[in-house]
Amino acid sequence: MTGTHPIAPARLVKMQAGLKHYLPYAIIVAVFLIATGAGVELYQNREQPPAPTGKLAFGKTGAEPPHIRGSLKAPVALEEFGDFECLPCSLLYPILKKAEADYGDRLSVTFREYPLSKHSHALEAARAAEAAGLQGRFWEMHDSLYEERLVWLKATDTRAALISCAAKLGLDIERFKKDMESDQVSERIAADQERVRSLELDRTPSVFINGDRITARPITTEALHAAIDAALRNQK
């Protein structure tokens, strides 16, 4: 006679006891896996910040994540393609800083690397800024490079002067020197250069407000504020 055999009561009790014994461990493992998954998701969200509300220009994406200062919810997005050796870029720097102060959360600023080949130290300065960025200090180095432009440009040893800038910011200098030569820094600059080519840019600084290029030369405080104000009106 064939068929299923009922489990003996004693064996059934033993099995139930075993399940009760392992149940707390199973719950702990499940909670750990859920927490780990949430942590990974949170980390990924931090690594890939959302794009600003304001519209950027068309073209290739550029380095990701981009260097953005200001509120990601800002209705106006300013995108600058700059060169740290460029004199007009250094003259624009305080004008941009004033705009950031004047417009606050209504304006976000994105910086793209566009070191011109005719500037002998521009690429090295761009690498320094990106290396600082890998330690979370891009904007501090960005500001320092413009504010101390004549110092590192006129130094007999440009690399040593850039390292000195990094030291003043409290960066890990050994890591900074390695990162300056890293593939990661090279790839970020190359990605921004692809964006430059896709937009057919030929000079620095090149500035876009919500995707529209500012054509005024030079870009004065009045011209920049007028472009930002127009973009804000278009939001209404």
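Two strands pair if DSSP finds at least two bridges between them. Four bridges join E2 to E4, and these strands run antiparallel. The exercises below concern a predicted model.

**Exercise 1. Take stock of the chain: how many helices and strands does the protein chain have, and in what order do the elements run?**

Step 1. The protein chain has nine helices and five strands.

Step 2. Read from the N terminus on, the elements run α-β-β-α-β-α-α-α-α-α-α-β-β-α.

Step 3. Turn to burial. The chain has 236 residues, and 40% of them count as buried.

Step 4. Now look at contacts between residues at least 6 apart in sequence. Of these, 75% join residues at least 24 apart.

**Exercise 2. Work out the sheet: what is the order of its five strands, and which are the edge strands?**

Step 1. The order is E1-E3-E2-E4-E5, in an open sheet with mixed pairing.

Step 2. E1 and strand E5 (212-213) are the edge strands, since each pairs on one side only.

Step 3. Check the pairings one by one. Strand E1 (residues 67-70) is joined to E3 by four bridges, and the two run antiparallel. E2 and E3 pair in the parallel sense over seven bridges. The chain crosses from E2 through H2 to E3, and this β-α-β crossover is right-handed. E2 and E4 are joined by four bridges and run antiparallel.

Step 4. Follow single residues across the strands. Ile68 stands opposite Thr110 in E3. Thr110 is also the bridge partner of Glu79 in E3. In E4, the partner of Glu79 is Phe208.

**Exercise 3. Describe strand E3: which of its residues point one way, and which the other way?**

Step 1. Recall the general pattern. In a regular strand the side chains alternate between the two faces of the sheet.

Step 2. Sort the residues. Leu107, Val109, Phe111 and Glu113 point one way from E3. Ser108, Thr110 and Arg112 point the other way.

Step 3. Add burial. Seven of the seven residues of E3 are buried, so the strand is mostly covered.

**Exercise 4. Examine helix H9: what span should its 14 residues have, and which of its residues are buried?**

Step 1. Helix H9 covers residues 221-234. At 1.5 Å a residue, its 14 residues should span 20 Å.

Step 2. Compare with the model. The end C-alpha atoms are 20 Å apart, which agrees.

Step 3. List the buried residues of H9: Leu224, His225, Ile228, Ala231 and Leu232. Seen down the axis, they fall within an arc of 125°, so they line one face of the helix.

Step 4. Look at the other side. There Glu222, Arg233 and Asn234 are exposed.

Step 5. Find the packing partners. The buried residues of H9 pack against strand E2 (76-82), helix H2 (87-103), strand E3 (107-113) and strand E4 (206-209).

**Exercise 5. Do the same for helix H7: which of its residues are buried, and what do they pack against?**

Step 1. Helix H7 spans residues 173-180, and its buried residues are Phe176, Asp179 and Met180.

Step 2. These cover an arc of only 100° around the axis, which puts them on the same side of H7.

Step 3. They pack against helix H3 (122-133), helix H4 (138-147), helix H6 (158-168) and H8.

**Exercise 6. Place two buried side chains: what do Trp139 and Gln193 touch?**

Step 1. Trp139 is found in helix H4. Its relative accessible area is 13%, so Trp139 is buried.

Step 2. Leave out residues up to four places away in sequence. Trp139 then touches His67, Ile68, Arg69, Val109 and Phe111.

Step 3. Compare sequence and space. Trp139 and Ile68 are 71 residues apart in sequence, and their C-alpha atoms are 8.7 Å apart.

Step 4. Gln193 is found in helix H8 (residues 183-198). Gln193 is buried, with a relative accessible area of 16%.

Step 5. Apart from neighbours within four places in sequence, Gln193 is in contact with Glu113, Tyr114 and Pro115.

**Exercise 7. Check the cysteines: why is Cys89 not bonded to Cys86?**

Step 1. A disulfide is a covalent bond between the sulfur atoms of two cysteines.

Step 2. Apply the cut-off: the sulfur atoms must lie within 2.5 Å.

Step 3. The closest cysteine sulfur to that of Cys89 is in Cys86, at 3.1 Å, which is too far for a bond.

Step 4. By this rule the count of disulfides is zero.

Step 5. Finish with burial. Cys89 is buried, with a relative accessible area of 1%. Cys165 is buried too, at 4%.

Notes
Residues numbered from 1 in each chain as written. Predicted model: local features only at pLDDT ≥ 70, side-chain atom pairs only at ≥ 80, totals over all residues. Heavy atoms only, no water. Expected span 1.5 Å × (residues − 1). Buried < 20%, exposed > 50% of the residue type's maximum accessible area, 1.4 Å probe, protein only. Arc of directions from axis to C-beta. Contact = heavy atoms within 4.5 Å. Right-handed = clockwise from strand over helix to strand, strands pointing away.
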